[in-house]
Amino acid sequence: MGFGPFLRLDELTLDVALIQALKERWDPECHAFLLSWGHMIPTLEDVARITGLRVDGQAVTGVTYTSYQELAERLLELDVTRERSSLILRTRLQASLGVVSARHQTGESQADYTARMTEDSRAALEEEEGVAADRELRRFLILVIGKLILGTRGDPVSYTCLPLLEDLSSVGSYAWGVALLAHLFDSLGTSSRETGVAGFFPLLQVWAYHHLPSLGRGEPRLVGAVPLLQHWRFLRDEQSLRRQMSSIHDALDTVPFGHWTPYVGEDDAAQPWVERGRPYFGRDIWLHSFNTVVPLHHRLFDPEACIASLEGVLHSTIQQRDDLQAVVTQLREELDRAQKMVGGASSSREDPGRSVLEGQLAAAVAGAEDALAQETELRNALARTATLEAEMAEFHLRPQAAEVTRWRQEAEEMTRWRTEAGGLHT
């Protein structure tokens, strides 16, 4: 069903300071982390490589209900005590699977606990056949999806995915990795006063280990292990939570631009889920998780589009240059004639209208000459932009909003000067 690699993932201790610091850097308007030089964001490639979940396939979406009573009773044979509730207690699900005693034992690691619960669940499933086996499998999948992939805060497990589990043969065709990322993005957008996030937090931790290694929050443990979540462990920090978060924020402020290229040298042949998802890597798409739909933008500012826009403006300006030069020449001639007609200061006092005209023509000439001068500046700016774009392509960087705005203002200013000069001439 596509959950094999995900269910084999080992323990990863929660790094509370890192998760909270990242959450405070989340920009809910563009769904990305805001750093001093720009934005960074977990992608579908990160999801596939870190969790082993598929990111290709059908969108995890469909009908949601105010009450799941009928579905829960029919598909799970579980009573819904609160008619309008879409949640069920985790302990009730464990009890229905016969693993209610699968609780942490003293000294037991998370990995051992998960392995024991999975083994107990598998044993319970093997004892059933036909309809009963399907029922037990749905209960187990609700526990995995509702608690881990689309997890909520606290103990309850969500019933939201239950309609997709009616046809068990199609469960493996859904892009559960995409739903995980959409759910995580939605959780990051909640108030910063709420500590932690709902959803699969290990994705954020391992993403930071790969993309922000200068933070020094994780260390390798199983070199070559896949999915990559098994490759890392949390490097414990004995400082107080406040000091840890302060250090992380300082480190995020000094993260260099394009200093790290993750996943170089990874053996993709050992990760078939990565190969299947490759057509979706690097694409701007919508992420679906039932009623949650959020955008995934790889580039918030597209340098190629900015370059094309500036080239179009410059090409138009070059075509109009001869006309603009003719306007300047004509304005100069009219200014000369106006000065001769005015005939000195005394005449200007006798005919103040002529003096006003003379001033307008002088201003028009100056504006037109400035426009021609700005064409040269625009050419230079385009050359600098082309050089910068090549450097950004080499280091996988993005231009900033302020820089893009400045380029556009230069082009708009030149067009405005020409319009004003033409209007005065007329």
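**Group meeting: a walk through one predicted chain**

I would like to begin at the surface, where Leu14, Val16 and Leu241 together make a nonpolar patch of about 240 Å². Please keep in mind throughout that what we have here is a predicted model. Of the residues in that patch, valine 16 belongs to helix 2, which covers residues 16–24, and valine 16 is partly exposed, its relative accessible area being 44%.

Let me step back to the chain as a whole before returning to this region. The protein chain contains 15 helices and 9 strands, and of its 426 residues, 44% are buried. The accessible surface of the chain is about 21,600 Å², and carbon and sulfur atoms hold 51% of that. If we take the contacts with a separation of 6 or more, then 72% of them are between residues 24 or more positions apart.

Next to the patch in sequence sits aspartate 15, and here I would ask: with which residue does aspartate 15 form a salt bridge? The partner is arginine 217, with the closest N and O atoms 2.9 Å apart. Aspartate 15 is in the loop between helix 1 (4–7) and helix 2, while arginine 217 is in the loop between helix 9 (202–211) and strand 6 (218–220), so this pair ties together parts of the chain that are 202 residues apart in sequence. Since buried means under 20% relative accessible area, aspartate 15 counts as buried because its relative accessibility is 1%, and arginine 217 counts as buried because its value is 6%.

That pair is one of 14 salt bridges in the structure, and I would like to show two others. The side chains of aspartate 268 and arginine 49 meet in a salt bridge with an N to O distance of 2.9 Å. This pair, too, links distant parts of the chain, with aspartate 268 in the loop between helix 10 (241–253) and helix 11 (272–277), and arginine 49 in helix 3 (residues 44–51), 219 residues apart. Both aspartate 268 and arginine 49 are buried.

The other example is glutamate 77 with arginine 135, whose side chains meet in a salt bridge at 3.2 Å, N to O. Glutamate 77 lies in the loop between helix 4 (69–76) and strand 4 (87–88), arginine 135 lies in helix 7 (residues 130–149), and the pair links these distant parts across 58 residues. Is arginine 135 buried or exposed? Arginine 135 is buried, because its relative accessible area is 16%, and the cut-off for buried is under 20%. Salt bridges that share partners also build one network out of Glu45, Arg49, Asp268, Glu275 and Arg278, and you will recognise Arg49 and Asp268 from the pair I described a moment ago.

Let me turn to the strands. An open sheet is formed by 3 strands in the order 1-2-3, with antiparallel pairing, and its edge strands, each pairing on one side only, are strand 1 (26–27) and strand 3 (38–40). Strand 1 and strand 2 pair over 2 bridges, one of which sets tryptophan 26 against phenylalanine 33 in strand 2. These two strands form a hairpin with 4 residues between them, and histidine 31 in the turn has a positive phi of about 55 degrees. On the other side, strand 2 (residues 32–35) is joined to strand 3 by 3 bridges, and a hairpin connects the two through 2 residues. Within that pairing, phenylalanine 33 stands opposite methionine 40, and leucine 35 stands opposite glycine 38.

A further antiparallel pair is made by strand 8 (residues 285–289) and strand 9 (residues 292–296), joined by 5 bridges, with serine 289 partnered by threonine 292 in strand 9. Strands 8 and 9 form a hairpin with 2 residues between them, and phenylalanine 290 in the turn has a positive phi of about 60 degrees.

This brings me, finally, to the interior. In soluble globular proteins, nonpolar side chains tend to be buried together. Here the largest nonpolar core has 88 residues, and Trp176 and Leu287 are those with the most contacts inside it. Helix 8 (residues 176–188) gives the most to this core, namely 9 residues. Which residues does leucine 287 touch, leaving aside those up to four places away in sequence? They are Leu44, Val178, Leu181, Ala182, Phe185, Thr292, Val293, Val294 and Leu296.

Technical notes:
Residues are numbered from 1 along each chain as its sequence is written. This is a predicted model: local features need pLDDT of at least 70, side-chain atom pairs count only at pLDDT 80 or more; totals for chains, interfaces and linings use all residues. Side-chain values use heavy atoms; hydrogens and water are left out. Two strands pair if DSSP finds at least two bridges between them. Patches are made of residues with over 30% relative accessible area and no salt bridge: like charges are joined within 9 Å, nonpolar side chains (Val, Leu, Ile, Met, Phe, Trp, Tyr) within 5 Å. Accessible areas come from the Shrake-Rupley method with a 1.4 Å probe; for residues, only the protein chains shown count as cover. A salt bridge is a side-chain nitrogen of Lys or Arg within 4 Å of a carboxyl oxygen of Asp or Glu. Buried means under 20% relative accessible area, exposed over 50%, partly exposed in between (1.4 Å probe, protein chains only). A nonpolar core is a set of buried Ala, Val, Leu, Ile, Met, Phe, Trp, Tyr and Cys residues joined through side-chain atoms within 4.5 Å. Contact means heavy atoms within 4.5 Å.
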